[in-house]
Amino acid sequence: MKEIMAIVRQNKVNATKNALAEAGFPAFTCRKVMGRGKKPIDPSVVKTILEAEAMPVSPVGEYITEASRLIPKRCFVLVVPDEEIKRLVEVIMEVNSTENPGDGKIFVLPIMESYRVRDGKTVDDIDSSY
């Protein structure tokens, strides 16, 4: 089993939820997060654009101001069998890619153990039904 953590634009939440459900991944957690990318930008460029009130309302505008602020995003978390990882990542990427900086990141993490809170059974005990 793996945990898939996908950080996406907040305006892509509904499209992502629908795509996940249609692809057979209806169980997930989604939460609000704040962050920024690592690519640096010249602060003088940002200042010039802001002073001219010419900030584009688009992924490009988001990218330009990224150097000085945290950007609201959404984090989807899913736990899936190893054989479903590739398909799940493809679904998330297809829905969220605008081919612009700020589209997000997807992380794949190992799950060592899993327990159901109600009765303490492990995934193996419940026949891999998460």
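In the predicted model, Ile92 makes contact, once its neighbours within four places in sequence are left aside, with Ile4, Ala6, Val8, Leu20 and Ile106. The residue belongs to helix H4, and its relative accessibility of 3% places Ile92 among the buried residues. A further relation between remote parts of the sequence is seen for Ile92 and Ile7, which are separated by 85 residues along the chain but by 9.8 Å in space, taken from C-alpha to C-alpha.

Ile92 is also a member of the largest nonpolar core, which has 17 residues and in which Leu20, Phe25, Phe76, Leu78, Val80, Leu88 and Ile92 touch the most other members. At least two residues of this core come from each of E1, helix H1 (13-22), E3 and helix H4 (85-96), and the greatest contribution is that of H4, with 6 residues. Such an arrangement may be read against a general tendency: in soluble globular proteins, nonpolar side chains tend to be buried together. Leu88 illustrates how the core is connected, for, apart from residues within four places in sequence, Leu88 is in contact with Ile4, Leu20, Phe25, Leu78 and Val80.

The wider setting of these contacts is a protein chain with 4 helices and 4 strands, whose elements follow one another from the N terminus in the order β-α-β-α-α-β-α-β. The chain has 130 residues, of which 28% count as buried. Among contacts in the protein chain with a separation of 6 or more, 83% are made by residues 24 or more positions apart.

Strand E3, which spans residues 71-80, is mostly covered, with 8 of its 10 residues buried. Strand E1 (residues 2-9) runs antiparallel to E3 and is joined to it by 8 bridges; within this pairing, Ile4 has Leu78 of E3 as its bridge partner. Strand E2 (residues 29-35) is likewise antiparallel to E3, the two being joined by 7 bridges, and here Arg31 stands opposite Cys75 in E3. Beyond E2, the loop that leads to helix H2 (43-51) contains Gly37, a residue that is partly exposed, with a relative accessible area of 26%. Gly37 and Ile71 lie 34 residues apart in sequence, while the distance between their C-alpha atoms is 9.1 Å.

The structure holds 1 aromatic pair, formed by Phe28 and Phe76, whose ring centres are 5.3 Å apart and whose planes meet at 55°, an arrangement that is classed as tilted. This pair links distant parts of the chain, 48 residues apart, with Phe28 in the loop between H1 and E2 and Phe76 in strand E3. The two partners differ in their surroundings, since Phe28 is partly exposed at a relative accessible area of 28%, whereas Phe76 is buried at 1%.

A search for disulfides across the whole structure finds 0. For Cys30, the nearest cysteine sulfur is that of Cys75, at a distance of 7.6 Å, and because a disulfide requires sulfur atoms within 2.5 Å, the separation of 7.6 Å leaves Cys75, too, in no disulfide. Of these cysteines, Cys30 is partly exposed, with a relative accessible area of 32%, whereas Cys75 is buried, with a value of 1%.

Among polar residues, Asp103 occupies a place in the loop between H4 and strand E4 (104-110) and counts as buried at 15% relative accessibility, the cut-off for a buried residue being under 20%. The side chain of Asp103 is joined to that of Thr98 by a polar contact of 2.4 Å. A polar atom of the Asp103 side chain also lies 2.9 Å from the backbone nitrogen of Glu99. When residues up to four places away in sequence are not counted, Asp103 touches Ile7, Val8, Arg9, Asn96, Ser97 and Thr98.

Terms used. Residues numbered from 1 in each chain as written. Predicted model: local features only at pLDDT ≥ 70, side-chain atom pairs only at ≥ 80, totals over all residues. Heavy atoms only, no water. Buried < 20%, exposed > 50% of the residue type's maximum accessible area, 1.4 Å probe, protein only. Pairing = 2+ DSSP bridges. Core = buried A, V, L, I, M, F, W, Y, C linked by side-chain atoms within 4.5 Å. Contact = heavy atoms within 4.5 Å. Phe/Tyr/Trp six-rings, centres within 6.5 Å; stacked < 30°, edge-to-face > 60°. Polar contact = N/O pair within 3.5 Å; in protein donor to acceptor, adjacent residues only side chain to side chain.
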